[in-house]
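Colleague: I would like to go through this model with you, a few points at a time. Please show the sequence and structure before we begin.

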Amino acid sequence: MSEFDFTSIEAKWQQRWEEERAFAVDNRPDPERPGFYCLEMLPYPSGRLHMGHVRNYTIGDAVARFKIARGFKVLHPMGWDSFGLPAENAAIQRKIHPRVWTEDNIAQMRQQLKRMGYSYDWDREIAAHRSDYYRWNQWFFLKMFERDLAYRAHRWVNWCATCQTVLANEQVEGGVCWRCGSPVTRKSLEQWFLRITSYAAELDDWLPKLTGWSERVRQMQKNWIGRSEGALVRFPLPDLKEDLEIFTTRLDTIYGATFCVLAPEHPAVERLAAGTPQEGTVREFVTRMQARDVVHQDAQMGGEKEGVYAGRDALNPFTGARIPVWVGNFVLMEYGTGAIMAVPGNDARDHEFARRYHLPIRPVVRPEDPSAIPPEEGAYTATGVLIDSGPYTGMRSAEAIEAMLRAGQEKGIARRTTSFRIRDWGVSRQRYWGTPIPMIHCEACGIVPVPYEDLPVLLPEEVRLSGEGGSPLASVESFLHVPCPRCRRPARRETDTMDTFVDSSWYFLRFADPRNAELPFDPAAAAYWMPVDFYSGGVEHAILHLIYSRF
């Protein structure tokens, strides 16, 4: 049997495919060949293919070739998720420009993909670091700004000291940075956000309709969106002449609320403690909590629950009783309102905290079955029948919740609401290698968007990268100082760049029309190819690429 000379045979046919553009397709509908969109996750150009790449792209190639053989007109594109911190870090280490490192890696990986014989339409190749792509990130940002979906605010953010940048909640995995593995801490910064919460209900409502998606991915997104139906209750703070708003899904337990707990970052903490003997203790506790990494700060993950008395009391709006307000590490500002009513008789977390600090424990719900015995130690956390709950005693939990809501709404102390775990997408990054945010800061006019006709705002080529001291763009004078588009007075550009998940949240649409210089994509081209028929990518991006793309 003669030896199979795969080197020359594969090279011969790969060259023929390239010369004849065998896998190139146009956007014209063909009644004889139905369209099929085969997509794989946009790769980061790290320099070399690894077996994870080969596995993922071989799956997609097998599907694409099968559909071609069945007579389909197949869109099977490839491009590069080429912005990001690794290129910046590599440039610092190697003393070369991130563009050079990135372009060299793309050339190497493109050649490897071609040698694998994959059926890509290379005419549609895109790269996030090129201005013909990232100008449309800026265009989208301006559109969102016009619709109040992009905004700037002072918030507590996730901070990676190693990467010297902000991370979205979705990029913190087990309390560490998704990219470098360093502990993530909390830091108060003014940042740009995209208002993904405006679409939280819609994102959740549509999950059951995504029948082509795996149940695992849909469940991960559902958990991340974290929809909770409940009540927003106003607890008066008599010493401050204001109210503390608290979200609860268990209004039926409010007669057992014997104290409140605030997150360390809650804005009322400082006002509550001011002028009280507790002021110094509270300040020290808050400072210590802020310095801890996120995995330890989140005591909901099983860590030790700590707290201090905030110095003042609130009033339980249903009982009128004065109850102490505490600050605790197990309450997170990101969830609900950053404040809870603690019901230690019917909540295990509250019970643990109350026992540690000798706070009152008052059970107000017992099992519906009289023969069932509530736990002697711990809290009865299920629904049941109310006890010691004033006029609601004897009601079942569901009935009591509705009755309490009606009464609360009549008195103006409670209202029905829906809360979501998901928080607005923080897109500011303090680094160079990313899309410049197209905004200008003017002392006279405030924050002014860059005019559309001035897009793209280009990354300057000459920049000093050290990995320290915030955004490198702040030190590039020619980039930083510009006239205000409105009043023409001296102003300065925004120096934060966009989270790279902005790049990968819409690339599949650009593939449909990658050379369009007038729009991100022609709506007719997108309508022809979309939705994607087959997608192959890692489940680890269920709450990254895949939720951002839906937004």
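## Cysteines, a helix and a sheet

Modeller: The search over the whole structure turns up zero disulfides. Keep in mind that this is a predicted model.

Colleague: Which cysteine sulfur is closest to that of Cys487, and why is there no bond?

Modeller: A disulfide requires two cysteine sulfur atoms within 2.5 Å. The sulfur of Cys487 is 3.7 Å from its closest cysteine sulfur, so the pair is too far apart for a bond. The residue holding that closest sulfur is Cys442.

Colleague: Is Cys260 buried or exposed?

Modeller: Residues under 20% relative accessible area count as buried. Cys260 has a relative accessible area of 0%, whereas Cys487 is partly exposed at 27%. Cys260 is therefore buried.

Colleague: How far apart are the end C-alpha atoms of helix α2, against what its residues should span?

Modeller: Helix α2 covers residues 51-69, which is 19 residues. At 1.5 Å a residue they should span 27 Å. The model agrees with this, as the end C-alpha atoms are 26 Å apart.

Colleague: Where on α2 do the buried residues fall?

Modeller: The buried residues are His53, Val54, Asn56, Tyr57, Gly60, Asp61 and Ala64. Looking down the axis of α2, they fall within an arc of 165°. On the other side of α2, Met51, Arg55 and Ala69 are exposed. The buried residues therefore line one face of the helix.

Colleague: Which elements do the buried residues of α2 pack against?

Modeller: The partners include both strands and a helix. The helix is α4 (98-115). The strands are β1 (35-40), β2 (73-75) and β26 (534-536).

Colleague: In what order do the four strands of the open sheet lie?

Modeller: The pairing in this sheet is mixed. β13 (307-315) and β15 (339-342) each pair on one side only, which puts them at the edges. From one strand to the next the twist averages 30°. The order is β13-β14-β12-β15.

Colleague: What residue in β14 stands opposite Ala314?

Modeller: β13 and β14 (residues 322-328) run antiparallel and are joined by six bridges. Helix α9 (residues 279-291) lies across both strands, at about 120° to β13. The residue opposite Ala314 is Ile323.

Colleague: What is the relative accessibility of Thr253?

Modeller: Thr253 sits in the loop between β11 (242-248) and β12 (259-262). Leaving out residues up to four places away in sequence, Thr253 touches Met341, Val343, Asn346, Val364 and Val365. Thr253 counts as buried because its relative accessibility is 4%.

Methods
Residues numbered from 1 in each chain as written. Predicted model: local features only at pLDDT ≥ 70, side-chain atom pairs only at ≥ 80, totals over all residues. Heavy atoms only, no water. Pairing = 2+ DSSP bridges. Helix = DSSP H or I, 4+ residues; strand = E, 2+ residues; numbered from the N terminus. Axes fitted to C-alpha atoms, helices over the stretch in contact; angles between N-to-C directions. Contact = heavy atoms within 4.5 Å. Buried < 20%, exposed > 50% of the residue type's maximum accessible area, 1.4 Å probe, protein only. Expected span 1.5 Å × (residues − 1). Arc of directions from axis to C-beta.
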